[in-house]
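Thank you for making room for this today. I would like to walk through one model slowly, beginning with a single residue and working outwards from there.

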Amino acid sequence: MAKTRKLVVEVLADASRLGKTFGQISGQTETLGKQFQNLGKRVGLGVGAAVGAAGVFAATSLKAAEEAEQVQRRVAQVIKATGGAANVTASEINKFAERQQYLVGVDDEVLKKSYGILLTFKNVRNEAGKGNDVFNRTAKSLADLSAAGFGSTDSAAKAMGKALQDPIKGVTALSRAGVTFSQSQKDQIKNFVETGDLLSAQKLILGEVESQVGGVAAAGTTASEKLSLMFQDLQENIGAALLPIFQRLVGFLSEKVIPAVKDLAEKYGPKLREAFDRIRERLEPLVRML
């Protein structure tokens, strides 16, 4: 019996030390908790705003805004990397995609990704003069080619980019894909390229593509698709308003909370493990005796 009492006393002593350790942690985490409260006051968000349907909508909106921002940054980077060869700015592409999406029924982020692919072909660029806006005309053709069954807008961007970058080889590739050219047109394209008139070769290719699939996407766009795109735009706009708050929260977590938790773990982790081990060692023989 004396041995049992001794074990109980030792267990209680170890538990007391464990309690003190938790008390130390509690004192330090109380400061962390106050920081969270201050953050909540600063950003004006209550706990209730993060639950239910409103929370789901906010999370979806944030994701949509992040994706839109990501795509726009990549477009801007491609323009920078290519030295602005296409003679368009990131802002112009953004506005162009926003207008096109309602005409062709394709989300503007999807279009901008495809336009980003097209931007990598430096010979595909806008020039002054009627019909010389080669980049814009090509960009418009992507949704039409996709709607007509020539793959995704991304694959259409690659095919058109290659065709306009190197018209002689490109025409052959487009012909294999299903865009037909007469022998006379192929001869004209070859002659234009060999005489250094790349623009005329490009315009001939674009003219033929437009004559075969021009307007196909717009003709098939439904009211439901337009409504869906409007809702997506609404989410992006709401997400864009919430994004700075979310970014501040992520910054606070990465700069304050995570380092604080790591410090606590490094400082008290060994003590907690040691205390738990002692309690377990004391309890094992006591349990066996019961």
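Let me begin with Ile205, which, once its neighbours within four places in sequence are set aside, is in contact with Ala163, Leu164, Pro167, Val171, Leu174, Phe181 and Ile189, contact here meaning heavy atoms within 4.5 Å. Before going further I should say that this is a predicted model, in which local features need pLDDT of at least 70 and side-chain atom pairs count only at pLDDT 80 or more, while totals for chains, interfaces and linings use all residues. Residues are numbered from 1 along each chain as its sequence is written, and side-chain values use heavy atoms, with hydrogens and water left out.

Ile205 also appears in the largest nonpolar core, which has 40 residues, and there Ile93, Tyr115, Leu119, Phe135, Met160 and Ile205 touch the most other members. By such a core I mean a set of buried Ala, Val, Leu, Ile, Met, Phe, Trp, Tyr and Cys residues joined through side-chain atoms within 4.5 Å, and buried means under 20% relative accessible area, with exposed over 50% and partly exposed in between, using a 1.4 Å probe and protein chains only. The elements giving two or more residues to this core are α2 (52–81), α3, α4, α5, α6, α7 and α9; helices (H or I, at least four residues) and strands (E, at least two) are DSSP runs, numbered from the N terminus.

Now to helix α6, residues 153–165, where Thr153, Ala156, Ala157, Met160, Gly161, Ala163 and Leu164 are buried. They cover an arc of only 165° around the axis, which puts them on the same side of α6, the arc being that of the directions from the helix axis to the C-beta atoms. The buried residues of α6 pack against α4, α5 (134–147), α7 (167–177) and α9 (198–213).

What about α5: how many of its residues are buried? The helix is mostly covered, with 10 of its 14 residues buried, among them Phe135, Arg137 and Leu142, and what covers them includes α3, α4, α6, α9 and α10 (216–220). Just after α5, Gly149 takes a positive phi of about 100°.

Arg137 brings me to the charged pairs, since Glu210 forms a salt bridge with Arg137, the closest N and O atoms being 2.8 Å apart. Glu210 lies in helix α9 and Arg137 in helix α5, so the pair ties together parts that are 73 residues apart in sequence. Arg137 counts as buried because its relative accessibility is 15%, whereas Glu210, at 32%, is partly exposed. The whole structure holds 4 salt bridges, each being a side-chain nitrogen of Lys or Arg within 4 Å of a carboxyl oxygen of Asp or Glu. Another of them joins Lys112 and Glu109 at 3.2 Å, N to O, and both of these residues are buried.

Finally, there is 1 aromatic pair, formed by Phe96 and Tyr115, which is tilted, at 5.7 Å centre to centre and 55° between the planes. Rings of Phe, Tyr and Trp (its six-membered ring) pair if their centres lie within 6.5 Å, and planes under 30 degrees apart count as stacked, over 60 as edge-to-face and the rest as tilted. This pair links distant parts of the chain, with Phe96 in helix α3 (residues 90–104) and Tyr115 in helix α4 (residues 108–119), 19 residues apart. Phe96 counts as buried at 7% relative accessibility, and Tyr115 counts as buried at 1%.
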